[in-house]
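Welcome, and thanks for taking a look at this one with us. Have the sequence and the 3D view open side by side, and let us walk through the fold together.

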Amino acid sequence: MQDSIRCMMMRGGTSKGAYFLADDLPSDVAARDRILLEAMGSPDPRQVDGIGGAHPLTSKVAIVSKSSDPACDIDFLFCQVGIHEPMVDTTPNCGNILAGVAPFAIERGLIKPGNGETRVKVKTINTGTIADILVQTPGGQVAYGGDARIDGVPGTAAPVAIDFLGAAGSVCGSLLPTGNAVDTVAGVEVTLIDNGMPVIVLRADAVGRTGYESRDQLDKDKELKARLEEIRLAAGPLMNLGNVTKKVVPKIALVAPPQTEGGHLCTRSFIPHECHASIGVFAAVTVATACVLPGSPAASVAKIPAGPVKVMSVEHPTGEFTVRLEVDEGGNQPVVQRAGLLRTARALFDGRVFLRSSAA
């Protein structure tokens, strides 16, 4: 007999993951991680014996419960499940998988839906970040169909509006863990920044690239990857992350001037060893934040909108990602007071994932 656990597979933004209720998993972390690895089919480069998609963007897990924080509705623990190694990393957050949390909570009966729209306040356990999420619920049911379109996802879907509250320094302890907008790391000028995701931001031309290369071209560039890993390993301790050899953070973003009319910045993001087909939610927010820091590598190539509300188009290999920043520019250093964006999500299947009997 195979053991099984209730599970819903959802697309959240440009990622895909397995969503579980916390009550359906063991409270013991080691036992929980064994089950998640078993469910996803890790470690195996194809994840052929599990439901993982053999790529970092499709080897993700959300664990959801009623919130223990009276100021929030839902607690969300994000897990990045290793593909090649038996690793479950709960250090980072994932804004794409976050987009599916409120719909999943409603589907599982944790939240009573409103008639028209439902607002859900979600606390990410990994980082303490709180998100205010607005889901379409006509007739008291989650709507997945709609006219909202995001690059990196085919077709259209119902919008999921997300505002982040207090994301700065959620992993590293402060927005700029070194206190500087510019540091020199492994001989390269970078910004070490965390506005929901620890990211090393550097100009593409600082490592001999244009920043307009295709994802496949960058994925095959072994020389570049070795150089970026050298920078990443040196930056880890400076970002209060310690030895990051086996961690998925910090991410790396190469930046260049925008290519399109209406664009504000061009990016190539690494997560951390593969080039992202687009860019992660928190990475986009963090890189956009780096743009408003005077003297930073991102500021030197970005077209920064005027005014306290900056709607920024962050270009990536498959399109663009729009980030909305509310910035107080009255002090010595600009302060991002609020960051928001639009995602979509869709339930893909609901049922039970089967495990080998030895996993439970």
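## Surface and charge

This is a predicted model. The protein has an accessible surface of about 14300 Å², and 49% of that area belongs to carbon and sulfur atoms.

As for charge, 34 side chains are positive and 38 are negative. The centres of these two sets lie 3 Å apart.

## Overall fold

If you colour the model by secondary structure, you will find six helices and 16 strands. The C-alpha trace spans about 60 × 45 × 35 Å along the principal axes of the protein.

A compact globule of 360 residues would have a radius of gyration near 21 Å, and the 20 Å found for the protein agrees with that. Of the 360 residues, 56% are buried. Contacts between residues at least 6 apart in sequence also reach along the chain: 63% of them join residues at least 24 apart.

## Two nonpolar cores

Now for the interior. The largest nonpolar core has 88 residues, and Leu-98 and Phe-164 are those with the most contacts inside it. Helix α6, residues 281-291, gives the most to this core, with nine residues. A second, separate core has 19 residues, including Cys-7, Ile-35, Met-40 and Leu-355.

Leu-98 is a good residue to centre your view on. Leaving aside residues up to four places away in sequence, Leu-98 touches Phe-76, Val-122, Thr-124, Ala-131, Ile-133, Ile-162, Phe-164 and Phe-282. One of these partners, Phe-164, shares with Leu-98 the place of most contacts inside the largest core, while another, Phe-282, is a buried residue of α6.

## Helix α6 and the loop before it

How many of the residues of α6 are buried? The count is 11 of 11, so to speak a helix that is mostly covered. Among them are Val-281, Val-285 and Val-287, along with Ala-283, Ala-284, Ala-288 and Ala-290. Thr-286, Thr-289 and Cys-291 are buried as well.

The loop between β13 (265-270) and α6 holds His-276. Is this histidine, His-276, buried or exposed? His-276 counts as buried because its relative accessibility is 2%, and the cut-off for buried is under 20%. Not counting residues up to four places away in sequence, His-276 touches Thr-14, Leu-57, Arg-215, Ser-269, Ile-271 and Pro-317.

Definitions and conventions
Residues are numbered from 1 along each chain as its sequence is written. This is a predicted model: local features need pLDDT of at least 70, side-chain atom pairs count only at pLDDT 80 or more; totals for chains, interfaces and linings use all residues. Side-chain values use heavy atoms; hydrogens and water are left out. Helices (H or I, at least four residues) and strands (E, at least two) are DSSP runs, numbered from the N terminus. The radius of gyration is taken over C-alpha atoms; the globule rule is 2.2 Å times the number of residues to the power 0.38. Buried means under 20% relative accessible area, exposed over 50%, partly exposed in between (1.4 Å probe, protein chains only). Contact means heavy atoms within 4.5 Å. Accessible areas come from the Shrake-Rupley method with a 1.4 Å probe; for residues, only the protein chains shown count as cover. Lys and Arg count as positive and Asp and Glu as negative; His and the chain ends are not counted. The place of a charge is taken as NZ of Lys, CZ of Arg, CG of Asp or CD of Glu. A nonpolar core is a set of buried Ala, Val, Leu, Ile, Met, Phe, Trp, Tyr and Cys residues joined through side-chain atoms within 4.5 Å.
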